[in-house]
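Okay, thanks everyone for coming. I'll put the structure up and then walk you through it, from the whole chain down to single pairs of side chains.

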Amino acid sequence: MPTEINVRVLLKSRPTGFPVEDDFEVVESPIPQPQQGEILLESMWLSLDPYMRGRMNDAKSYAPSVDIGEPMVGGAVAKVVESRSPLFNPGDIVEGRFGWQSYAISNGIAVRKVDESLAPVQTAVGVLGMPGLTAYFGFLDVCDPTPGDTVVVSAASGAVGQIVGQIAKIMGCKVIGTVGSEPKAKFIVEELGFDYAINYKTSDVAQSLDNLCPEGIDVYFDNVGGIVTDAVMDRINIGARIAICGQISQYNLKTPDLAPRNLGLLTRSQAKMEGFLVFAYESRYDEGIARMAAWIKEGKLKYKEDVVIGLKNAPKTFIGMLNGENFGKTLIKVAE
Ligand code: NAP
Ligand code: FER
């Protein structure tokens, strides 16, 4: 039985606009005791993801809000340190929604054993977990790519975007990524094999798209919304497919942007725009994990992580990620 304390990060107040560190409270509590049928988990890696911003609001969603005074929600990779369940043994490495805390109790529901032979265990919340599966199913299923398609992906160096662009290359597409810095632009082209990058903060996105893809755009995988999406939409081809994965440019606005008024573009181009949630593909996760793990082993799929050590750093790291300060999949290393 471990002797340390449980560090927990609670939601202290609901932000309006961008969250601030004071919206969170770091507390120390005793380590909880598992009851019959339960397991005690020591968190190893906490995933920080944009959807968590939505859970800080008191608003209708696919999942309930975090209550004030409760630990923030979040996926994590953890080690079973004590088991009173026949399904788990001490030492098992598992993935589940264990929240922003160093120890958690679980009844084992929605807890997945991590196959340590596939890749480093933290990939279970990265490329071989929720963000990677979002890229895999969102691109292959929603965008229905064909070799030779011109594909644009926004937030292209991030957890989801970096995987979308590489899968698009594996599928024989031409790929353009939009990013918010020069190092990110260089990285997606030179390290990940994207054809081109556009820095939306320093260049005219519309003009860059005209230069880089005069043939138009067949697939748009949208992670951001806002001005990048406006420019892409103006250039979609007949029969284009647009996956609305996320709209991060809108998550922290006090007053949301006007709803899109350019939907006539979909009529003219006979295009399909579809929103999706990765959870709809749960019955096919094993397929996505196996295929992406094989691509990693073959050297066809790379993944970049942005690791910050210590749970107490989760609030500022999360706020930084919403601001584009992360470079790759944002992870908190909680413990070895
Ligand atoms: P991420 O890309 O690793 O990190 C977020 C990135 O968003 C930042 O690094 C920043 O990159 C970019 N960003 C922030 N503000 C922006 C703005 N105003 N305009 C343009 N870009 C901005 O995050 P992720 O985990 O991969 O998530 C990406 C998107 O996928 C999010 O919208 C998320 O909500 C969505 N998502 C959806 C599902 C689903 O089931 N539908 C599942 C997972 C994630 P730059 O430096 O490039 O600006
Ligand atoms: C995300 C953004 C939004 C996400 C889920 C949502 C799983 C869902 C929002 C809602 O239901 O309101 O990144 O990831």
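**Salt bridges, strands and a covered helix**

Let me start with a count: the structure holds 14 salt bridges. Keep in mind that this is a predicted model, so every number I give you is computed from it.

Take one of those pairs, Lys329 and Asp49. Their closest N and O atoms sit 3.1 Å apart, which makes a salt bridge. Lys329 belongs to strand β15, while Asp49 is in the loop between β3 and α1, so this pair ties together parts that are 280 residues apart in sequence. Are the two partners buried or exposed? Lys329 has 5% relative accessibility, so it counts as buried. Asp49 also comes out at 5%, so Asp49 counts as buried too.

Next up is Lys169 with Asp195, where the closest N and O atoms are 2.8 Å apart. This pair links distant parts of the chain as well: Lys169 is in helix α3, residues 161–170, and Asp195 is in the loop between α4 and β10, 26 residues apart. Here the accessibility reads 29% for Lys169, so that residue counts as partly exposed. Asp195, at 30%, is partly exposed as well.

One more pair: the side chains of Arg284 and Glu287 meet in a salt bridge, 3.0 Å from N to O. Arg284 is partly exposed at 31% relative accessibility, and Glu287 is partly exposed at 35%. Which residues make up the network here? Asp141, Arg284 and Glu287 are linked in a network of salt bridges.

Okay, zooming out to the whole chain. Its secondary structure comes to nine helices and 15 strands. For 336 residues, a compact globule would have a radius of gyration near 20 Å, and the chain has 20 Å, so that agrees. If you box up the C-alpha atoms along the principal axes, you get roughly 65 × 45 × 35 Å. Of the 336 residues, 52% are buried. The chain exposes about 15000 Å², and carbon and sulfur atoms supply 52% of that area. And if you take the contacts with a separation of 6 or more, 68% of them are between residues 24 or more positions apart.

Now some strands. β11, residues 217–222, pairs with β12, residues 236–244, in the parallel sense over five bridges. To get from β11 to β12, the chain crosses through helix α6, residues 226–233, and this β-α-β crossover is right-handed. If you want a residue to click on, Val219 has Arg241 as its bridge partner in β12. On to β13, residues 272–275: four bridges join β12 to this strand, and the two run parallel. There, Ala243 has Glu274 as its bridge partner in β13.

Last stop, helix α9, residues 314–322. How many of its nine residues are buried? Eight of them, so to speak: the helix is mostly covered. Among the buried ones are Phe318, Ile319, Met321 and Leu322. What does the covering? The list includes the strands β1, β2, β3, β14 and β15, along with helix α1. That's the β15 which holds Lys329, from our first pair. And just past the helix, α9 is followed by Gly324, which has a positive phi, near 85°.

That's my tour, and I'm happy to go back to any part of it.

Methods
Residues numbered from 1 in each chain as written. Chains lettered and ligands numbered in written order. Predicted model: local features only at pLDDT ≥ 70, side-chain atom pairs only at ≥ 80, totals over all residues. Heavy atoms only, no water. Pairing = 2+ DSSP bridges. Right-handed = clockwise from strand over helix to strand, strands pointing away. Rg over C-alpha atoms; globule rule 2.2 N^0.38 Å. Buried < 20%, exposed > 50% of the residue type's maximum accessible area, 1.4 Å probe, protein only. Contact = heavy atoms within 4.5 Å. Areas by Shrake-Rupley, 256 points an atom, 1.4 Å probe, with all protein chains shown as cover. Salt bridge = Lys/Arg side-chain N within 4 Å of Asp/Glu carboxyl O.
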